[in-house]
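This report describes selected surface and cysteine features of a protein model. The sequence and structure are shown first.

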Amino acid sequence: MMGCCRCWTWAMVAHCLVIASLGQIRYSIPEEMRKGSVVGNIAHDLGLDPTHMKASGARIVSDDSGDLIELNINKGTLVVKERIDRERLCGQTSPCSLSFELILLNPMQLHSIVVEILDVNDNPPVFKEAEIALEILESALPGTRLLQGSATDADVGNNALRGYALHPTDSFSIKTKTGTNGGKYVELYLNVPLDREKAQTLSLTLTAFDGGDPSKSSSMKINIIVLDTNDNVPAFTQHVYRGEVAENAGRGAVVASVSASDADEGPYGQVSYHFSRDSGEGAEAFAIDEESGDITVQVDLDYEKVKHYELTVEAKDQGGHMDSTKVIIDVTDVNDNVPVIALTSFSSPIAEDSPSGTTVAIINVRDLDSGSNGKVECSVKDKIPFAIRSSLKNYYTLITDGKLDRETTSEYNITFTAVDSGEPRLSTEKTISLKVSDVNDNAPVFEQSSYSATISENNSPGAPFFCVRASDADWNQNARVSYLLVDSEFNGNQVSSYISVNAESGALHAVRAFDYEQMKSFEVQITAQDGGSPPLASNTTVKIYILDQNDNGPQILYPIQSGGSLVAEMVPRAADVGYLVTKVVAVDVDSGQNAWLSYKLQKATDRALFEVGAQNGEIRTARQVTDKDPVKQKLTVVVEDNGQPSRSATVNVNVAVADSFPEVLSEFTDFTHEKEKNENLTFYLVLALAAVSFLFICCLVVIISVKIYRWRQSRLFCQSNLPVIPYYPPHYADTGRTGTLQQMYNYEVCSTTDSRKSDSKFVRPGSHSVLLMDPNYATAETLHHTLNKHNLLDDANSSEMQKPPSNDWRLPPNQRPGPSGAVAHPEGAPAVTGTGPWPNPPTEAEQLQALMAAANEVSEATATLGPRYNAQYVPDYRQNVYIPGSTATLTTNPQQPPQQALPPPQALPPADAPKAAQTPASKKKSAKKDKK
C-alpha cells in the first residue's frame, strides 16, 4: 500500500512527457490513476484555445481507448475516464501505450495522440503452485540440478521479478538465471549427497521477490522425496528448439519435435516428455506426445492475438531423473481478416447548394493482418457527385464533387469498398444513406397562367365558388404554398370587398351577393407564395363571370294600374274581327331567355270575343261584336318570362263595348263596390272557420271528460243475474216493518239492464242493511250505499228522482210466507225484534212458498216501474228456483212438471203500470201520425 502511495506521489509530482513529432503528441502517466486525473493539456500543446476547440466540435476517436481516456471540452484537457490497469491492458508488453486521434471539424483537423502507461509495483511474483513434490535418487551427486522453475510477475521493469531465495540452504542451493525472453527463472541444485536411510523426505521453501520499493514476494513449498539410485539423467540434444506454424494450420499439425537420451538401461533408460508447469498458454495451445516428443496444434491459432509461444519441455526417466529444454514456436500471418470500415464522422443531411469540396464524412479503414495483407485501398462505387480522398493513415474523407439538386435526387446511397493487398485479396463494403436537404430555389407554379370562373347572381355570401392550385417543387416548409389576393380597385371599390381567397386551399369565396344587372364580370389577381426564407411567389389572373338568374319578374308598363281611378278601353259595336283594342306593354330587366316574354289571356268576361298576341301583347277582337255582347268586359292578361322557374305578372284590362261615353260610365261605377264586397266576404269566412274550430275542440274535450267520469263510476254498479237468498239465523229482526213473523226470511232482488250506465232500478228493500253480493264488484257494499250512488248518477239523466213504488203492490198478509196463524204487522208500527227461537224450523214447502212470493214481487215491480223494466231486461227467476239445503226444484215451465208437487200460490191482480215518458223520437213519430 505504501508503494502505491509513493507511486501516486511520484506521478503527481513528475511532469508528463510531451513529445510532438510528425503530427503525434505523446504523454506518459502511471497506471492506477483515479478517475478524473489530468493526463495533459491538449489545447495548450496544440496551441489552441479551449473555446475554439469546443466550437469546432473536437472529439476523440479510438477503437480501444475510448473507455479509458476522455476529452474535457471545456478545459481542453485529457482526463482519465476509468481506472487503467497496465497489466490487463498490455500484459508483459513494454512500453504500454494507448493510441487515439483527436478530430476538429471546423476546420477539419486530425491529430494523433499516444499515452504511455507507466508500471506501478502493484503485483507480487506468483508461483503457479503453492506446493510441489520432487523425487531424488540417493545416488545423486552434489551439483545435480533437481528443479527448474519460475514465478510470474505481471509488473515490468524494476517492478518485475528480481530474484529467488531458498531456505534452508544446508543441502541445496539455487541459481537465478535469465531466459531468452528476459525473464528470470531458478534452478535447484544438490550441494551434498543424500542418504535415504537418514532422511526420506526434505522440505524446502523457495521465495520469489521483485525489485519494487517496497519489494513484494511469494513462496512455494518444495517437498523432496529421496529415491533409490539411478545415476544417469536424460539429456536433450539441443538447448533450444524452434518451430514455425501458419495461423490457419489445422488441429493435429506437427509443429516441432524434441528428443532426449538416457544412458541407463531398462526402465531407468525410458524417457517420457511433458510440458513444464511454467509453459503458460503454450501448454493449452499445443500437445506433446510423451513417447515421441512431437508437438502438435490442438486449438485454432490466431496471429493477431498471439504471435509466438515459448514452451518448456521436460524429459524424465523411470528413475526420476529429468532434463528440460525450451521450444519457441512462431505463428506466421495469413490473410484471413477482411478490412473493417468504420464511420468516424458523418454529416447528413447536406444542403443542396453546398459547394464542391464540402466534407461529408470521414471513415477509418483497418485490416488486422500484417504486412501486405494489412495494406488497404478504399474507393467509392457508382458515378455520383462525390469523391474520396486519403487524409491520414487509414483515414479517408468523402467530399462533394459536383452540384447537388434535391429536386432531381433527394437521397444518395454511397457505397465504400475497401480491398487489401493479400493473397487472395479480401474486400468489404459499407453503404451509407446521405439525404440532401432542401433549399428554397423553386417558386410556386400555378396549373394555368389564367383562369375563368363563373358565379350565379344572388349567391350566398361566404360560399366558395372556384379554386386555384399551385405547386412547389421544393419540400416541407419551402413547398408550403399560401394564397394571397392582390388588392386592386374595380368600379371604385377594392377587389377584397367582392371576393376573398382561402390562404391554404386557394378557394375563392364571394364576400357579397352579386347582381348581374349591375356587374357582369371582373378580374382579380391571385399570388401563390411559399414558406421559404426568403419566400418566392408567382401570380395568376382569374376572370370572374356573373351568371344571370331569373330574379326579376315582368314589369307592366301599359296599361297603368291605378288604385283610385278606373281606366277602360272602348270598342265600338261596329268593330270588325282583328280590331286592335289595346296593347299590353311589359319589360324584364333580366337577360337572355329570362327576358323573353309571352302573353296569354287568363280570364275574360267573354273569352270568345278577344284574343291576345303571344309575342307582342296586342289585344284584338276574335269575332264580330254584336248587340248582345255586354258593355262591361273585364280581361285578365298574364305576362310570363321564359326563366326557370318562370316569373309572371298580371294586368286587368277593362273594355267597354259601346259607342258613347255616358253608356260606359254607368256600367263601370260598381267596380269599386264589388272589390270591397269581396274583401269583406273573405274576412268573414276566415273568422267563421276559426270559431268552428274552437267549438269543435271544446266539444271534444267535454266528451272525453264525460266518458272518463262514467267509466270510473261504472265500476260501482251491480250486474248480477242470480238472486241472493240468505238464510237468517234465529233472533234476526225484521227492520223493514213488512214481515209477518217475529223471525222470518227476507228476500232481496237486484235487477239490472246489464249496462254500464246508471240504469239499475231496485225494488223497495225490506232491509237496508242487507249485503248485496255480486262477483263483478271489487268489494261488498250495503244495498243502501249502492242505492245512494245510483240515485246520484240518475241526476245526470233526469231532473226528478224516480219515486219508489207504493205499498199496494205488496202481497196480502195471508199470502206471505211463514207458519200458519201469524198475524199481520201493522203498517207504520215500530219494528218488533224477535226474542225467542222459532217453534219449528221452516219446512221445505214453507221455504219454497217464500221463494215464489219473492218472484211475484219482482214481476209486480216490473209492471209498476213501467215498460223500461220488462221481462226483456229482467230475468224471470220463477222458471227454475233451487232451494238451498233441499233436493226440490221449482219451475214455472208448463212443459216440465215440478219434482215435488206443491200447491201454487194465488195470483195477485196486476197493478196498473204508469205510462212511460215520451222520448224525442216518440214525439216525432206521433207528430207524423197526426199529420197523416
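A nonpolar patch of about 590 Å² lies on the surface of this predicted model. Phe696, Ile697, Leu700, Val701, Ile704 and Ile708 make up this patch. One of these residues, Ile708, belongs to helix H7, which spans residues 671-713. The relative accessibility of Ile708 is 48%, so this residue counts as partly exposed. The cut-offs explain the class: exposed requires over 50% relative accessible area, and buried requires under 20%.

**Cysteines and the disulfide**

The structure contains one disulfide. Its partners are Cys90 and Cys96, with an S to S distance of 1.7 Å. The link between Cys90 and Cys96 is right-handed, with 60° about the S-S bond.

Both partners of the disulfide can also be described by their accessibility. Cys90 counts as buried because its relative accessibility is 19%, a value under the 20% cut-off. Cys96 is likewise buried, with 2% relative accessibility.

Two further cysteines may be set beside this pair. Cys378 has a relative accessibility of 12% and therefore counts as buried. Cys467, by contrast, is partly exposed, as its relative accessible area is 29%. The table lists the cysteine values together.

| Residue | Relative accessible area | Class |
|---|---|---|
| Cys90 | 19% | buried |
| Cys96 | 2% | buried |
| Cys378 | 12% | buried |
| Cys467 | 29% | partly exposed |

In summary, the disulfide joins Cys90 to Cys96, while the nonpolar surface patch includes Ile708, a residue of helix H7.

Notes: Residues numbered from 1 in each chain as written. Predicted model: local features only at pLDDT ≥ 70, side-chain atom pairs only at ≥ 80, totals over all residues. Heavy atoms only, no water. Patch = residues over 30% accessible without salt bridge, like charges linked within 9 Å, V, L, I, M, F, W, Y side chains within 5 Å. Areas by Shrake-Rupley, 256 points an atom, 1.4 Å probe, with all protein chains shown as cover. Salt bridge = Lys/Arg side-chain N within 4 Å of Asp/Glu carboxyl O. Helix = DSSP H or I, 4+ residues; strand = E, 2+ residues; numbered from the N terminus. Buried < 20%, exposed > 50% of the residue type's maximum accessible area, 1.4 Å probe, protein only. Disulfide = S-S within 2.5 Å.
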